Amino acid sequence: MNIFVNDYNDLCHERVFEKLGKIERNGHLGYGSDFYTEQAKNYIRRDLKDETVEIEFVGGGTIANIIAISANLMPYEGIIAASTGHITAHETGSIEATGHKLETIEVANGKLSAELIEEKILSLGEEYHIEPKLVYISQTTELGTVYSLEEIKEIYRVCVLHGLYLYIDGARMATGLAASGIDVSELPKICDIFTLGGTKNGAMYGEAIVIVDDDLKVNVRKFMKQRGAVMAKGFALGAQFAALFEDGLYYELGRKSFEASKKLESKLRSVGAKFYQEPVSNQIFIEYPLEKIEQLAVDNMFEVMPLDEDNRVLRFVTTYLTTDEEIENLASAL
């Protein structure tokens, strides 16, 4: 079976597994007060070239978004996001369930722009509107598109001008960094809070929330505790991120995933695939006849999304484990 269904279908990278296997039997402090968690935080701060950021580890992407977005918003404050954003379409109203309204912007490619955000902010000036307080973007987007450094800088400029926080959901940040060419040390300069996703990049599970803005650091641990996000065995999270960031494994895996996607893109072009969205990262979308999907799925795993009566959109996702053989096999089947 050639696996292109998602980028979290393996247990974890072998070096992460080895690190977990070396955890001593007992003697660890709980709730993230352990040696491994502190070590992981130090590695990340080193790479960010910023000793002032606060870092918290949580179990998954949805709870990371809930904490990062709503921990310090007033009840009347809301979030601006793309209509295709992960929090908009894939988290069962998790943000709205915290009491904060999402104001969405229709986009074709998954990406917000500074101009679209400013237009939305200015449209919400009446007393009876929610007060926008945070802009949500993700790197990469739900459609596999990628923000450049200049695009994020412009978005952040608008946010600062209007007193909004900028949050970058980095569930796929490792691949996003590889695809965009942005150095990780730039991130604290271009947003107020972001995540470094581990679940989709070699960890067994887990996301790192990196808080840059001092106001967003206030009481975040209490909010995490209230939301069930503080794990007693926090050392199991810390050890995974220590393994990923100790010597650059996190970035290496992101590059491998991106490089595999470029090989797959080339092969798909060679067999005449029709791209639904121009491929730029490890999520690649093509249009495909409905009647042929069942046969294609015999030896290939992928996600199917609606398009029209006769066609569907197929999503192929590469990972650090994707092999040249899998790419060749898929192209041959297509």
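What follows is a conversation about the domains, sheets, pockets and cavities of a predicted model.

User: Happy to dig in! What should I know about the numbering and the model before we start?

Analyst: Residues are numbered from 1 along each chain as its sequence is written, and side-chain values use heavy atoms, with hydrogens and water left out. The model is predicted, and local features need pLDDT of at least 70, side-chain atom pairs count only at pLDDT 80 or more, while totals for chains, interfaces and linings use all residues.

User: Thanks! How do you know where domain 1 and domain 2 begin and end?

Analyst: Domain bounds come from an automatic or database domain assignment. That assignment gives domain 1 as 2–7 + 250–333 and domain 2 as 14–247. Their C-alpha centres lie 27 Å apart.

User: And what makes residues of the two domains count as being in contact?

Analyst: Contact means heavy atoms within 4.5 Å. By that rule, 17 residues of domain 1 are in contact with 28 residues of domain 2.

User: Why are E12 and E13 called paired strands?

Analyst: Strands (E, at least two residues) and helices (H or I, at least four) are DSSP runs, numbered from the N terminus. Two strands pair if DSSP finds at least two bridges between them. E12 and E13 (residues 311–317) are joined by 4 bridges and run antiparallel, so they count as a pair under that definition. One of the bridge partners is arginine 315 in E13, set against glutamate 303. E12 and E13 also form a hairpin, with 4 residues between them.

User: What makes E9 and E12 edge strands?

Analyst: They belong to an open sheet of 4 strands, in the order E9-E10-E13-E12 with antiparallel pairing. Strand E9 (274–277) and strand E12 (303–306) each have a single partner strand, so one side of each is left without a neighbour in the sheet. Neighbouring strands here are turned by 40° against each other on average, direction ignored.

User: How do you know the angle at which helix H11 crosses that sheet?

Analyst: Axes are lines fitted to C-alpha atoms, for helices over the stretch in contact, and angles run from 0 to 180 degrees between N-to-C directions. Helix H11 (residues 249–270) lies across E9, strand E10 (283–289) and E13, and runs at about 25° to E10.

User: Which strands form the sheet of 7 strands, and how do they pair?

Analyst: The order is E2-E8-E7-E6-E5-E3-E4, an open sheet with mixed pairing. E2 and strand E4 (102–105) are the edge strands, each pairing on one side only. The twist averages 25° from one strand to the next. Strand E6 (residues 165–169) and strand E7 (residues 193–197) are joined by 2 bridges and run parallel; with at least two bridges required, they count as a pair. Isoleucine 168 stands opposite phenylalanine 194 in E7. H10 lies across E2, E7 and strand E8 (207–211), at about 115° to E2.

User: Now the empty spaces. What makes one a pocket and another a cavity?

Analyst: On a 1 Å grid over the protein atoms alone, a cavity is a set of points where a 1.4 Å probe fits but cannot get out, whereas a pocket is an open set with protein on both sides within 12 Å along at least five of seven lines. Lining residues have an atom within 4 Å of a point. Grid points are joined across faces, edges and corners, and a volume is the space filled by probe spheres set on the points. The largest pocket has a volume of about 330 Å³, and the largest cavity about 100 Å³.

User: Which residues and strands line the largest pocket?

Analyst: It has 18 lining residues, and the closest to its centre are His90, Glu142, Phe285, Glu303 and Met305. E12 gives the largest share, 3 residues. Domain 1 and domain 2 each supply at least three residues of this lining.

User: How many cavities are there, and what lines the largest?

Analyst: The count comes to 5 cavities of 30 Å³ or more. Of the 14 residues lining the largest cavity, Tyr31, Gly32, Phe57, Arg221 and Gly234 are the closest to its centre. E2 provides the largest share of this lining, 3 residues.
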